[in-house]
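Work through the exercises below with the sequence and the 3D view open. Try each task before reading its solution.

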There are 2 protein chains.
Amino acid sequence: MQHDGIGVDVDAGEVGGSDADPLDIGAAQRGRGQTVTIRDVAKAAGVSPATVSRVMNNRESVAPELARRVQQTAASLGYRPSAVAQGLARGRTGLVAITVPDLGNPMFQSVLRGLSRAAGRDGYRLLVTDSHELPLEELVLAQESRLRADGLVLCSPRSHERELAELAHTIEPFVLVNRSVADLDAPTVSVDYASGMRAVCAHLAWLGHSRVAYLEGPRASIPNRERRETLQEAAEGRFELHVVECGSMLEDGFDAADRALATGATAIVGYNDLVALGAHGKLNEIGVRVPDQVSVVGFDDIPLSRYTAPRLTTVAIPQEELGREAWQRLAAMLRDEAPPADVCFTPRLEVRQSTGPAAR
Amino acid sequence: MQHDGIGVDVDAGEVGGSDADPLDIGAAQRGRGQTVTIRDVAKAAGVSPATVSRVMNNRESVAPELARRVQQTAASLGYRPSAVAQGLARGRTGLVAITVPDLGNPMFQSVLRGLSRAAGRDGYRLLVTDSHELPLEELVLAQESRLRADGLVLCSPRSHERELAELAHTIEPFVLVNRSVADLDAPTVSVDYASGMRAVCAHLAWLGHSRVAYLEGPRASIPNRERRETLQEAAEGRFELHVVECGSMLEDGFDAADRALATGATAIVGYNDLVALGAHGKLNEIGVRVPDQVSVVGFDDIPLSRYTAPRLTTVAIPQEELGREAWQRLAAMLRDEAPPADVCFTPRLEVRQSTGPAAR
DNA sequence: TTGTATGCGTTATCAC
DNA sequence: GTGATAACGCATACAA
C-alpha cells in the first residue's frame, strides 16, 4: 500500500518504455504491485532469465555459487514468480477444482478436507465452488472453475445424465464422487447407499416401528432417489412408509417435521444428518421426546451427530476417504496414467441414542 | 503440507514425458486436451485473432454479422478461452483468495458464503484455503494463494502482528476480517466481541450464577483473547471465573467439559458454538441436565445452534455480512478506489434454552 | 471496423 | 553450465 507510488495510473501508457529508468525498470504498466519479474532479477544478478528460472526451480545444472547469488538477489528484490505466468508456460496451474452442492453441509466439508489434504501433499491447491443445490448452475460453474484448474472433482452432481455426458469433454479430466453416470467412463468414487438404508430398515423393524416417515432430499439428488427407493423396497412387509417432501438443510428438516408427525410415524428417517437434526429440533420444540415417542435416523454421520442430545443414530460414510480416493484418481490422470479402478464404500449403521423401541 | 523448495511437485520430472505425437502437431505439447486456441478460431473463421478476442469479450466495434459468424465457428470448434492466458494478458485472474483457520467451522462457512455471493456478483471466484489453526502455515498459504488471485481476505488470522506486518506487502491488496492489526492500514471488518461477552456476563449474573467456566479457544486466536479478557473483567464482583483450556472444535469442547465441571461451575461459556455444543454433548452423556443443572453459552450463532436440544444461547454475529463487507472493501481496492471505512459490528445476545437460573 | 504487432512473466529448446 | 529465444494463449495499442 504505502510503498508503491500513490495513484499509479490504471493504464499507464508506459508500455513503450524505451527510457530505461534505473529504478523503475520495465515495471508492470498495469495495476498496483510493483511487480518484480524474472528479468529484473536476471538483470540485477547479471545472468539470464533462464538461469534465474533454473535456480528458482532447483534445476541441477547451475553452479552452486551462482545459484546462491541468484537466490540472494531474488530474495533481496522480493521476487516471487507469477503463478499465472508459470501456469501458462508449464501448461498446468497446480489447482484442482471441486464443486459441491452445498458448502454448508459438513458432509461435503469432510470430503473437501480429505481432498485438500491429499492434493496438498502433491502441491495442489483447491478451487472450491458451491452450486447451491442448483442443477442448472452446477455445470456452468464446474466448467468455469475447471478452466482455471488442471482437473475437477464433481461431488454429488445434481445435473441430468444427458447434460453431464454432453459436457463431459469440457471438464475433463474429472472424477465423480457420490454418483456414477452411465455412458461415462469417468473414474468414480461412490458409496453403497442402498446397503446403508437397508440396515436402517432392519434396525427400525427390529425396534418394532410399523409406521416410518422419510424426509426426502432434493429432487435432483441421486443419492436421495437411491435412498428413497431402497427404503420403499425394504419397507415392504415390514412397515408402512411415508415419503415427506423436505430438502437437504436444517431448516428443511425443521419445517418437514410436522408433516412427518402427521403421518402417524413413530420413526423419522432423514435424507441426511442435517435434515434429521432439523426435524429433531422441531420435535424438541413441540415437546415430542426422542427416542421415547419418536425415533430419528440420519445419514452421513457428520461430526456433530456424535454430540447432539440424544446422540444421533445415523449411517456412517467414510467422508474424508471419499476425498482422498478422488484425488488418487485425479492425480493419476494428471500424470497421464490410468486411474485406479472405481471404488464403492459400504457404509455402516451407527446406532446411537436417537432410536428406540416404537412408542405404542 | 510441504515447505516450499524441495519436492515442489510430484510430477516435476514428467513434464517432458510425451514427445512429439504425430497427431497433435503444434498443438499444446503437453498433457491431454487438444486445446482449441483463439488462433484456430481465427483461422477457421477467416479473421484475425484480435477480432475473435473482441467478439468473445463483446467489444462493440465488430460488425454484427461478422460477430455472429465468429461466435458460431467458436462454438462449433468448442473454443473456450484459456483463463490462465487471459489472466496473464489482462493482469487479473478474476479470483479472490480467502484463508480461514478452519473450514469445518460453520461460522467461517457463513463468512465464506457472504463473500462468495458478493464476489460472484462481480464475476469473481473464490480460492479457499484452510490453515488448520496453524499460525505458521497461515501466512505461507496466504501468500501462495494470493499469488494466484487478485486479492486476499484474511479471516481471523492467527499470525503474530509482527510477521503479518512484515509480509503485508506480499499479500496486498487484502482485507482483514475479525482482527485489526496496528501498524497496518489494511481495511478491516470486525466484531465487537467485548460487547457480546459483556452481555453474556450480565445474563449469567442475572440468572444468579456465581461460578462460571470459560472454555478457552486456541491460544493464537485473538478473538479468544478478547473474549477471555472481557469475561475476566466483567466477572469482577459478579461471579467467580475459571478459564479452562480447550480449543475450537467439537471434540475440544467435549473433552474439556469434565474439567469445566470440576471447577464447580454452574455455567459454561464456550469460546465458540462448536465448543459449547461439544461440551453439551458431554454433559448429556454423563447425565448432567442443561440448563437445569448447568447452563451453556456459545458464541457465533452458527445455524445449528438454533436446532439443538435445548436450543443454544449464544452471541449472534452477522457472519455473512462480514463476508459481504469484506468484499466491498476488496472490490474497491481492485478498482484502485479507496475502500470504505473500517466497520465493526455489534453482536447481539441470543437468549435461548440452554441457559437458566443457577442450580443451587 | 479490422488486422498487425507486441507484451504479459515463465519455461523450455536449443545452441554455445 | 549458461544464454538467447521461441512458445504458452490472449488482449490491446496502433496502424490501416
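The exercises that follow concern a predicted model.

**Exercise 1. A helix at the contact**

Task: Find which residues of helix α4 of chain A are buried, and what they pack against.

Solution:
- Go to residues 83-90 of chain A, which form α4(A).
- Apply the cut-off: buried means under 20% relative accessible area.
- A:A83, A:V84 and A:G87 are buried.
- These three cover an arc of only 105° around the axis, so they sit on the same side of α4(A).
- Now look across to chain B. The buried residues of α4(A) pack against α4 (83-90) and α6 (135-147) of chain B.
- Step just past the helix end: A:G91 has a positive phi of about 80°.

**Exercise 2. The contact between the chains**

Task: Describe the contact between chain A and chain B by residues, area and salt bridges.

Solution:
- Start with residues. Chain A gives 66 and chain B gives 67.
- Next, the area. About 5,800 Å² is buried between chain A and chain B, and carbon and sulfur atoms give 55% of that.
- Then the salt bridges: there are 4 between the two chains.
- Take an example. A:E144 forms a salt bridge with B:R125, with the closest N and O atoms 2.8 Å apart.

**Exercise 3. A sheet of 4 strands**

Task: Work out the strand order of the 4-strand sheet in chain A, and which strands stand at its edges.

Solution:
- The order is β7-β6-β8-β9 in chain A, in an open sheet with parallel pairing.
- β7 (240-245) and β9 (295-297) of chain A stand at the edges. Each has a single partner strand, so one side of each lacks a neighbour in the sheet.
- From one strand to the next, the twist averages 20°.
- Check one pair: β6 (211-216) and β8 (267-270) of chain A are parallel over 4 bridges. Within this pair, A:V212 has A:A267 as its bridge partner.
- Add the helix. α9 (222-235) of chain A lies across β6, β7 and β8 of chain A, at about 170° to β6(A).

**Exercise 4. A sheet of 6 strands**

Task: Do likewise for the 6-strand sheet of chain B.

Solution:
- This open sheet runs β2-β1-β3-β4-β5-β11 in chain B, with parallel pairing.
- Its edge strands are β2 (125-130) and β11 (343-345) of chain B, each pairing on one side only.
- The twist averages 15° from one strand to the next.
- β5 (188-191) of chain B pairs with β11(B) over 3 bridges. There, B:S190 has B:C344 as its bridge partner.
- Finally, α5 (106-121) of chain B lies across β1, β2 and β3 of chain B, at about 160° to β2(B).

Definitions and conventions:
Residues are numbered from 1 along each chain as its sequence is written. Chains are lettered from A and ligands numbered from 1 in the order in which they are written. This is a predicted model: local features need pLDDT of at least 70, side-chain atom pairs count only at pLDDT 80 or more; totals for chains, interfaces and linings use all residues. Side-chain values use heavy atoms; hydrogens and water are left out. Buried means under 20% relative accessible area, exposed over 50%, partly exposed in between (1.4 Å probe, protein chains only). Helices (H or I, at least four residues) and strands (E, at least two) are DSSP runs, numbered from the N terminus. The arc is that of the directions from the helix axis to the C-beta atoms. Contact means heavy atoms within 4.5 Å. Two strands pair if DSSP finds at least two bridges between them. Axes are lines fitted to C-alpha atoms, for helices over the stretch in contact, and angles run from 0 to 180 degrees between N-to-C directions. Buried area is the accessible area (1.4 Å probe) that two parts lose on being put together, summed over both. A salt bridge is a side-chain nitrogen of Lys or Arg within 4 Å of a carboxyl oxygen of Asp or Glu.
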